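Please look over the structure shown here, with attention to its strands, its aromatic rings and its charged side chains.

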Amino acid sequence: PLNEVPAPIGRISLSVTSGSSREVTVPKLVSSILPDYPVSLRRRGAEGKIVLGLGLDRRGRISSLDVVRSDILELNASTIAAVQGWVFQPARRGNESIDFSFRLTLRFYLE
């Protein structure tokens, strides 16, 4: 419809939490596609965080991924699907690639 109010602009921010020691070089995100933030949820005013627990293997590939906390349950499946495709440089201790676990928080918010 012509007189329909446009949906607010949605943004997604990322933050990483880990308990890594100083001698560990944390993984670097090489490639990512953010999950969809659907118009229907933005019109409804849905905002919040999804916290994921991620494990990376020595090659930087995701070996485990689970939802630790979610404020927007409707976004869980698309967020998991998007993050599963992300590519990381592996974590390192000295010159050796290592397994690494961390929490990734995606914050969905409206402008």
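The report below takes up a small sheet, then the aromatic residues, and finally the salt bridges.

**The sheet and Ser97**

The model is a predicted one, and the description starts from an open sheet of three strands, ordered 2-7-8 and paired in antiparallel fashion. Strand 2 (24-25) and strand 8 occupy the edges of this sheet, each with a single partner strand, so one side of each is left without a neighbour in the sheet. Strand 7 (residues 91-93) and strand 8 run antiparallel and are joined by three bridges.

Ser97 belongs to strand 8, which covers residues 96-98, and is the bridge partner of Arg92. The two residues are also linked through their side chains, since a polar contact of 2.9 Å is found between the side chain of Ser97 and that of Arg92. Leaving aside residues up to four places away in sequence, Ser97 touches Arg58, Pro90, Ala91 and Arg92.

**Aromatic residues**

Across the whole structure, three aromatic pairs are found. In one of them, the ring centres of Phe88 and Phe102 lie 5.9 Å apart with the planes at 70°, and because an angle over 60 degrees counts as edge-to-face, the pair is assigned to that class. This pair links distant parts of the chain, with Phe88 in strand 6 (residues 87-89) and Phe102 in strand 9 (residues 100-110), 14 residues apart. Phe88 has a relative accessible area of 9%, and is therefore buried, while Phe102, at 7% relative accessibility, likewise counts as buried.

A further aromatic pair, formed by Phe100 and Phe102, is tilted, with 5.9 Å from centre to centre and 40° between the planes. Both Phe100 and Phe102 are buried, and Phe88, Phe100 and Phe102 form one aromatic cluster. Another arrangement involving a ring is that of Arg107, which lies over the face of Tyr109 at 4.1 Å from the ring centre.

**Salt bridges**

The structure holds five salt bridges, and the table lists three of them, including the N to O distance for each.

| Basic residue | Acidic residue | N to O distance |
|---|---|---|
| Arg59 | Asp57 | 3.3 Å |
| Arg58 | Glu96 | 3.2 Å |
| Arg69 | Asp71 | 3.1 Å |

In the salt bridge between Arg58 and Glu96, the closest N and O atoms are 3.2 Å apart. Arg58 lies in the loop between strand 4 (48-56) and strand 5 (62-70), whereas Glu96 lies in strand 8, so the pair ties together parts that are 38 residues apart in sequence. Arg58 counts as partly exposed at 45% relative accessibility, and Glu96 is partly exposed as well, with a relative accessible area of 46%. Arg58 is also among the residues that Ser97 touches, and Ser97, like Glu96, is placed in strand 8.

The salt bridge of Arg59 with Asp57 joins residues that fall into separate accessibility classes: Arg59, at 55% relative accessibility, counts as exposed, whereas Asp57, at 17%, counts as buried. For the salt bridge in which the side chains of Arg69 and Asp71 meet, Arg69 counts as partly exposed at 42% relative accessibility, and Asp71 counts as partly exposed, also at 42%.

Methods: Residues numbered from 1 in each chain as written. Predicted model: local features only at pLDDT ≥ 70, side-chain atom pairs only at ≥ 80, totals over all residues. Heavy atoms only, no water. Helix = DSSP H or I, 4+ residues; strand = E, 2+ residues; numbered from the N terminus. Polar contact = N/O pair within 3.5 Å; in protein donor to acceptor, adjacent residues only side chain to side chain. Contact = heavy atoms within 4.5 Å. Pairing = 2+ DSSP bridges. Phe/Tyr/Trp six-rings, centres within 6.5 Å; stacked < 30°, edge-to-face > 60°. Buried < 20%, exposed > 50% of the residue type's maximum accessible area, 1.4 Å probe, protein only. Lys NZ or Arg CZ within 6 Å of the ring centre and 35° of its normal. Salt bridge = Lys/Arg side-chain N within 4 Å of Asp/Glu carboxyl O.
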